[in-house]
Structure formats: structure tokens, C-alpha cells
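Me: I am new to this structure and would like a close look at a single part of it. Please start with one side chain, and then follow the neighbouring themes at a careful pace.

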Amino acid sequence: MDLMAGAEIENQTSVQKFILLGFPGTWYFRISLAVVFSIMYFLTIVGNLSVIALVWTHPWLHSPMYFFLCNLSFLEIWYTTACVPKAIGIMLGKSQIISFTGCILQLYFILSLGSTECLILAVMAYDRYLAICHPLRYSSLMNSTFSAQLALVSWLSGFLAISVLASLISRLSFCGPNIINHFFCDIDSWIALSCTDTSLIELATFIISINVLLGSCAVTLVSYIYIISTICRIPSAQGRQKAFSTCSAHLTVVTIWYGSSIFLYVKPSAQNSLDLNKIVNVFNTIVTPLLNPFIYTLRNKEVKHGTALLHSTSPLPFGSRWCTKIDIRHCHITVQSEAPGQTCFVSWRLSPASSLTEPS
């Protein structure tokens with residue numbers, strides 16, 4: 001009996017390598033797709049590194065909002081790196097085979113980084129809520145210590161939540177087909193090959209998704225309800241338009257990310273179209289990381305006005321010395337002259353949406 005049980009276990013665990021199918025098609029189709037993925041991956045890395053470098057080298061961007069943005073950019077670099085290079089190799093026919101350990105690690109990092117992104121997006125929405133709805137108390141409520149704690153909790157929670165799921169998946173047995181119908185080790189495509197019961201894993205995935213995805217989505221939604229309510233009370237039509245424009249840019253990324261993630265993971269069963277899952281995963285792993293630097297930074301009026309302010313070489317009207325010190329407090333920016341004890345009579349007023357208005 002022991003020999004028979006041992007032989008059965010050996011047969012069940014005989015599959016230790018898997019073949020990632022990727023996007024089947026003609027050679028020209030796969031090469032074209034590999035070129036598109038390579039360009040988007042390059043732009044994603046360069047764009048997100050540029051965001052980090054911009055915030056790191058410019059002191060006036062050392063605020064909680066841009067601290068969270070750096071966390072998001074750093075996360076996006078590793079999130080897209082966890083799957084895109086491997087996907088390009090699959091489309092070129094170079095590295096379709098992946099080991100069981102490699103599959104577990106790829107799945108763990110993709111899901112952990114994805115969970116962390118959900119939490120950081122929720123934290124960013126809460127940060128904007130405090131800045132817009134409580135501007136005078138913002139600096140005391142969202143100080144550097146609290147913002148660092150929020151970022152740390154987001155990273156730890158994202159990785160710890162998926163550790164439980166990865167532990168359950170590592171106990172699965174694979175004894176049949178070894179072809180994964182995806183361009184990375186996606187949980188639905190992979191566990192579909194298991195010859196053991198996967199109902200517990202599907203339930204665990206559903207519970208974790210409810211807590212991480214819908215929980216962070218609820219925080220984001222409630223934050224934006226208060227933000228929009230506050231924006232609607234702004235008396236200036238131009239101010240409202242600018243504020244809504246800023247929110248719409250942020251909400252675009254949030255909608256793409258949460259919409260696709262909820263479709264993929266918040267479901268009681270994994271029996272969905274695997275081909276459709278592949279297409280939706282492209283939005284999460286490639287499109288969203290690419291859009292991040294463009295929507296959050298290049299379209300941000302604070303960055304544009306701040307850059308113009310820093311690189312301005314025009315002398316101030318009252319004297320011959322240049323303004324070199326920038327002091328940002330509450331809702332005003334004051335520029336100080338090099339002359340000891342002398343303050344420039346030039347200031348910029350921040351609107352509730354944290355974008356710079358015309359000099360006052």
C-alpha cells in the first residue's frame with residue numbers, strides 16, 4: 001500500500017516544467033507583437049524612472065503626493081518587469097519553458113505588486129482628499145512620518161496577503177498537460193492544469209480579492225465622492241474646470257486598473273475565458289504602467305508651473321538680486337531673495353486641486 005501511494009504521489013508531481021503558450025499566430029504576428037511590447041516596455045521603464053528622478057532632484061516636489069507617486073512608479077517598473085521580458089521571449093520562441101519554482105515566483109511577485117498597487121492608489125486618493133477637502137490641516141495630517149507609514153503598510157499588506165495564496169498553490173499537483181494558455185503564470189490558467197481539487201484556492205483568491213481590491217476601491221471611491229463634492233462648491237468656473245481635469249486624469253488610470261483587476265480576480269470561480277483573460281491582463285501589466293508617468297506627471301500643472309518657476313532667469317521688479325529660496329506653506333508659495341531679510345513680493349496661490357494659479 002505504501003509503495004502504491006508513493007507511486008501515485010510521484011506520478012502526480014511528475015510535471016515540473018510548463019510551456020507558456022503566449023499569443024499563438026503567424027511568425028509575423030508574433031514578431032510584430034514582440035516589437036510593440038518591447039517599445040511599450042522601454043517607454044514604461046524610462047517614463048517611470050524619469051518620474052523618480054524628477055521628484056528626487058527637485059526639492060519643491062518633496063511632498064506626500066509625489067512621495068506616493070515615486071512609490072507607484074517604482075512599483076510599476078518591477079510589476080511590468082515581472083512579466084513583459086518573459087512574454088517577449090515567448091513571442092520570439094526563445095523562452096517558452098518555465099519551471100514550477102519559476103512559475104510560483106512569477107505569480108507571487110505579479111500578484112503581490114498588483115495588490116500593493118491597489119493599496120497605494122487608495123492611499124493616493126486619500127491624500128488628495130485631505131489636500132482638497134482639508135487644505136489648512138493637510139500639512140499636519142499628512143506629514144512625512146504618516147505618509148511613510150502608509151506606504152510601508154501598503155507594501156507589507158500586498159506581499160503578505162499573496163503569501164497565503166502562494167503557499168496554497170505550491171501544494172498543488174500537476175500530472176497532465178503542461179501548456180499554460182497565457183503569456184505569464186496567471187493563476188486561472190495555471191491552476192486549470194492541476195489534477196487536484198482547486199476549490200480552496202479559488203475561494204482564497206476570491207476572499208483576498210474582496211478585501212484588497214474592493215476594499216481599496218471603496219476607499220478610492222469615497223475619497224473621490226468627497227473631492228467632487230468639494231470641487232462643486234468652488235465659485236470659479238475656471239477653478240472647477242481645472243480641478244475636474246486633474247481628477248479625470250487620475251480617475252482614468254484608476255478605472256482601467258480597478259475595472260480590469262475586478263474582472264480578473266473578484267469571481268467565485270476561475271472558469272472564465274482564458275483568452276479573454278489574456279487580453280484584459282495586457283491592460284494591467286503593460287498599458288497601465290505605461291500611462292502612469294504621462295497621466296500623473298506630464299499632465300500635472302504643478303510640475304509644469306514649478307519647473308517654469310525654477311528655471312526662470314528674470315530678475316524681480318524691485319531689485320537686482322535673484323530669488324533663490326522657495327517656501328511652500330499651506331496654500332501659498334513665497335519666493336525669497338538672496339538679500340538677507342528681504343522677501344520678494346511675488347507669491348503663487350494654490351487652488352484646492354493643488355495646481356498653481358497665476359501669480360498674485
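Reply: **Starting from one tyrosine**

Y108 has a relative accessible area of 17%, which means that it is buried (under 20% relative accessible area, while exposed is over 50% and partly exposed lies in between, with a 1.4 Å probe and protein chains only). This is a predicted model, in which local features need pLDDT of at least 70 and side-chain atom pairs count only at pLDDT 80 or more, whereas totals for chains, interfaces and linings use all residues. Residues are numbered from 1 along each chain as its sequence is written, and side-chain values use heavy atoms, with hydrogens and water left out.

The aromatic surroundings of Y108 come next. A search of the whole structure finds 20 aromatic pairs (rings of Phe, Tyr and Trp, the last by its six-membered ring, with centres within 6.5 Å; planes under 30 degrees apart are stacked, over 60 edge-to-face, and the rest tilted). The ring centres of Y108 and F109 lie 5.6 Å apart with the planes at 70°, so this pair is edge-to-face. F109, unlike its buried partner Y108, is partly exposed, because its relative accessible area is 39%. Both residues belong to one aromatic cluster, which they form with F74, W78, W155 and F159.

The next theme is the nonpolar core, meaning buried Ala, Val, Leu, Ile, Met, Phe, Trp, Tyr and Cys residues joined through side-chain atoms within 4.5 Å. The largest such core has 88 residues, and the members that touch the most others are F18, F37, I169 and W190. Helix α5 (residues 100–133) supplies the largest share of this core, with 20 residues; helices and strands here are DSSP runs, numbered from the N terminus, of H or I over at least four residues and of E over at least two. Leaving out residues up to four places away in sequence, I169 touches F100, I104, L107, I187, W190 and I201, where contact means heavy atoms within 4.5 Å.

Charge brings in another pair. The whole structure yields one salt bridge (a side-chain nitrogen of Lys or Arg within 4 Å of a carboxyl oxygen of Asp or Glu), and in it the side chains of D127 and R128 meet at 2.9 Å, N to O. Both D127 and R128 are buried.

From D127 one can step to L141, which lies 14 residues away along the chain, with 9.5 Å between the two C-alpha atoms. L141 sits in helix α6 (residues 138–141) and is partly exposed, because its relative accessible area is 28%. Apart from neighbours within four places in sequence, L141 is in contact with L130, H134 and F146.

One more helix deserves a look. Helix α4 (residues 84–91) is mostly covered, with seven of its eight residues buried, namely V84, K86, A87, I88, G89, I90 and M91. After α4 comes G93, whose phi is positive, near 75°.

Finally, the wider setting of these parts. The chain contains twelve helices and seven strands, and 48% of its 360 residues count as buried. Of the contacts between residues at least 6 apart in sequence, 72% join residues at least 24 apart.
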